[in-house]
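Work through the exercises below with the sequence and the model at hand, and try each task before reading its solution.

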Amino acid sequence: MVIRELIKKTAQTLTNSGKENALFDAQQIIRHVFSFTAIQLVQNYETDASEHEKEVTKLALRRASGEPLQYILGTQEFMSLEFFTDKNVLIPRQDTETLVECVLENTKDCTTFLDIGTGTGCIPLSIAFYNKNAKVTGLDISDDAINLSKKNAEKLSLSDRAVFKKLDILSQIPDGKFDVVTSNPPYIKTSIIPSLQEEVRDFEPHLALDGGKDGLLFYKRICSIAPQFLNPEGMLFFEIGYDQAEAVAQLMEDNFEEIKVVRDLAGCNRVVTGRLKM
């Protein structure tokens, strides 16, 4: 069997399992196994594939079961950068790029950044990559997430400007003072999680999804304690669910001013930001 035939066979397996992007997924799996670029894949359509056929089939069956492609491949692109990802962290999503772009646009003179619930580290590391003066700190309750974010810092040659620490934001207070705090916290209502898309519900960590009964657990906590570790006039940036803008903005009103809601490319409310009151 040559690679062209293996692509067709793999795509059919995924189609039979109901995957909408079967051909794309099949090509990505085969590129991963053979370590091909997109061009190399095309150039090698008639190359014998027998040596790696079993490995491709194994990964295709994982995808057919619903496991996200990003976990199978072990990477995900975010802000035009490649990040390692695995089952212990939320997969970086394009929606979150709105948060990073908003931060970069509004904090050009800031140098110290704190990200709460950092996961892969994609938010603070993207900030550090595009703001050469930024020193970033990422916090997460998960040891696995901290280890992965450190690995991503090394991959992007940012270890000298990026620190990652374990901390439970619901019971602990971050050390130090920062110009900017960012967070894409768990914001799904507990009752909603069983109805989420299969790939999210069954494979992504609930620790990174569950925002409590009303989905606002982490927003309430961070809004109340942020003044303790923000510099004067420091800024807070939240990613939010599509229907949470008003609720999160209200939570910020006690300690923040200049509160704004920013929409993503799809026109959905995606970011709420404000400046610490003097």
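The exercises that follow treat a helix pair and then a sheet.

The model is predicted, so that local features need pLDDT of at least 70 and side-chain atom pairs count only at pLDDT 80 or more, while totals for chains, interfaces and linings use all residues. Residues are numbered from 1 along each chain as its sequence is written, and side-chain values use heavy atoms, with hydrogens and water left out.

**Exercise 1.** Determine how helix H1 and helix H4 are oriented to each other.

Solution. Begin with the elements, which are DSSP runs numbered from the N terminus (helices: H or I, at least four residues; strands: E, at least two). H1 (residues 3-16) and H4 (residues 53-64) pack at about 20 degrees, with their axes 9 Å apart. Angles under 35 degrees count as roughly parallel, and H1 and H4 are therefore roughly parallel to each other. Next, the contact (heavy atoms within 4.5 Å) involves residues including Leu6 and Leu14 of H1 and Val56 and Leu61 of H4.

**Exercise 2.** Describe the sheet and place strand E3 in it.

Solution. First, 7 strands form an open sheet of mixed pairing, in the order E5-E4-E3-E6-E7-E9-E8, where two strands pair if DSSP finds at least two bridges between them. Strands E5 (162-166) and E8 (256-263) each have a single partner strand, so one side of each is left without a neighbour in the sheet. Then take E3 (residues 112-116), of whose 5 residues 4 are buried (under 20% relative accessible area, 1.4 Å probe, protein chains only). Finally, 5 bridges join E3 to the parallel strand E4 (residues 135-140); Thr112 has Lys135 as its bridge partner in E4, and Asp115 stands opposite Gly138.

Definitions and conventions:
Axes fitted to C-alpha atoms, helices over the stretch in contact; angles between N-to-C directions. Parallel < 35°, antiparallel > 145°, perpendicular 65-115°, else oblique. Buried < 20%, exposed > 50% of the residue type's maximum accessible area, 1.4 Å probe, protein only.
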